[in-house]
Amino acid sequence: FLNESRRNETRSFALAPRAEFALGSFADAQVRYRHTWLSGGSSALSAQRQGEWTANLIGARAFGPLGWGLSARRSDTYYRDSALEDVRQESLRANLFYTVTPQFRLRAIAGRERNDFGDGRSQSNTITGGGFDWFPTQRTALSATVEDRFFGTGYDVSLNHRWARSALQLGWSRDVSSSLQRFESLFANPDFVAAFDDPLLVSLIPDPIERQAFLSLFPQFSPERFVSNAYFLAENLRLSYRISGARNSVTFGYSQSTRSRTSSTTGLLIDDLFRDSDRVKTRAATLSLSHRLTPHSSLNASIARSIAERSGDLSARTRRLTTSLGYTTRLGHRTVAGLVYRHQRSSGANDFTENVISANLNIRF
């Protein structure tokens with residue numbers, strides 16, 4: 001967001017095999033491994049890769065209203081630059097669930113975590129917390145989890161509510177993360193999720209792979225664009241409200257994220273956002289419209305306004321205004337084509353004007 005170099009690019013690649021199986025009526029199990037590579041411009045991002053193991057065991061059926069769960073995670077982050085220290089994170093959690101009513105469930109959390117975050121010092125802490133899941137109606141879902149972590153209070157709150165022709169989504173979270181963990185995921189963007197689930201677009205492009213490919217052409221639906229080699233504490237707030245009609249769908253989205261360094265990591269490159277700053281805040285508002293032209297084609301328009309700023313020894317602010325217009329049509333039973341034009345204007349730490357035309361063709365076979 002605040003990079004001034006015109007030659008920096010960022011590349012990510014991930015492989016994530018997983019196995020899911022049931023242990024009779026006793027428990028459900030999942031084992032997953034994910035390996036991610038992230039590299040970029042020589043002045044901003046040192047190449048890094050991460051191997052992550054996660055294992056989950058959930059017993060929700062064996063003891064009536066009482067359920068339990070175990071989850072373990074280990075991740076190792078490796079940097080190509082020898083000036084940066086490798087990072088290891090490990091955590092083990094035990095969960096106890098109790099279903100008070102079919103609409104309300106309580107849970108208690110206890111565990112242990114350890115990390116070093118690249119400053120040469122290992123720390124180990126106890127995890128305690130709790131939460132609930134509440135489904136007062138078939139149209140409403142509210143979930144909340146709060147934990148006492150090594151950085152203080154961590155939380156994850158989500159609210160989803162549907163009316164006859166509209167839907168509201170709200171999310172609020174606080175946790176440790178990194179650019180490598182989030183950069184490759186389109187589904188980490190709440191605006192993308194809202195558009196991906198839009199009934200008009202789903203009816204036109206029912207195949208999820210084709211729908212994801214089309215939406216990825218829009219700049220506001222791009223993956224995480226925050227780039228740093230440091231781990232950070234991220235506080236995220238996201239709001240999405242969608243109104244759907246017979247041929248039109250309007251979505252308003254707002255997101256806000258504050259990222260703070262978790263440690264005094266040294267060896268960061270000259271254009272790393274955390275080299276001379278300890279806090280970066282981004283805000284973005286998006287308004288998008290989908291209009292069905294025919295049963296097989298639609299127009300999609302959007303306007304997005306974002307502000308990014310950092311504080312510390314080197315403060316900076318960037319404002320961006322992005323507009324886009326896209327057309328998608330189904331050429332056949334297995335073929336979808338799309339065309340998108342976007343205009344972007346940036347001012348502040350990085351001034352530029354950009355005009356882009358993108359086209360895609362998706363064929364299933």
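Among contacts in the protein between residues at least 6 apart in sequence, what percentage join residues at least 24 apart? In this predicted model, the share comes to 55%. The contacts run across a fold with four helices and 18 strands. Of the 365 residues in the protein, 43% are buried. The surface that remains open adds up to about 18700 Å², and carbon and sulfur atoms supply 56% of that area.

On to the charged side chains. The structure holds 16 salt bridges, and a few of them are worth going through one by one.

Take aspartate 133 and arginine 105, which form a salt bridge with their closest N and O atoms 3.0 Å apart. Aspartate 133 sits in strand S8 (residues 123–137) and arginine 105 in strand S7 (residues 104–115), so this pair ties together parts of the chain that are 28 residues apart in sequence. The two ends of the bridge differ in how much cover they get: aspartate 133 has a relative accessible area of 7% and is buried, whereas arginine 105, at 31%, counts as partly exposed.

Strand S7 also supplies glutamate 113, whose partner is arginine 149 in strand S9 (residues 140–149), 36 residues apart from it. Here the closest N and O atoms of the salt bridge are 2.9 Å apart. As for cover, glutamate 113 is buried at 6% relative accessibility, and arginine 149 is buried too, with a relative accessible area of 12%.

Further along the chain, arginine 342 and glutamate 354 meet through their side chains in a salt bridge, at 3.5 Å from N to O. Arginine 342 belongs to strand S17 (residues 335–348) and glutamate 354 to strand S18 (residues 352–363), so the bridge ties together parts that are twelve residues apart in sequence. With the cut-off for buried set at under 20%, arginine 342 counts as buried because its relative accessible area is 17%. Glutamate 354, with a relative accessible area of 23%, is partly exposed.

Not every bridge stands as a simple pair. Arg74, Asp76, Arg88, Glu90 and Arg114 are joined into one network by salt bridges that share partners.

Note on methods
Residues numbered from 1 in each chain as written. Predicted model: local features only at pLDDT ≥ 70, side-chain atom pairs only at ≥ 80, totals over all residues. Heavy atoms only, no water. Helix = DSSP H or I, 4+ residues; strand = E, 2+ residues; numbered from the N terminus. Buried < 20%, exposed > 50% of the residue type's maximum accessible area, 1.4 Å probe, protein only. Contact = heavy atoms within 4.5 Å. Areas by Shrake-Rupley, 256 points an atom, 1.4 Å probe, with all protein chains shown as cover. Salt bridge = Lys/Arg side-chain N within 4 Å of Asp/Glu carboxyl O.
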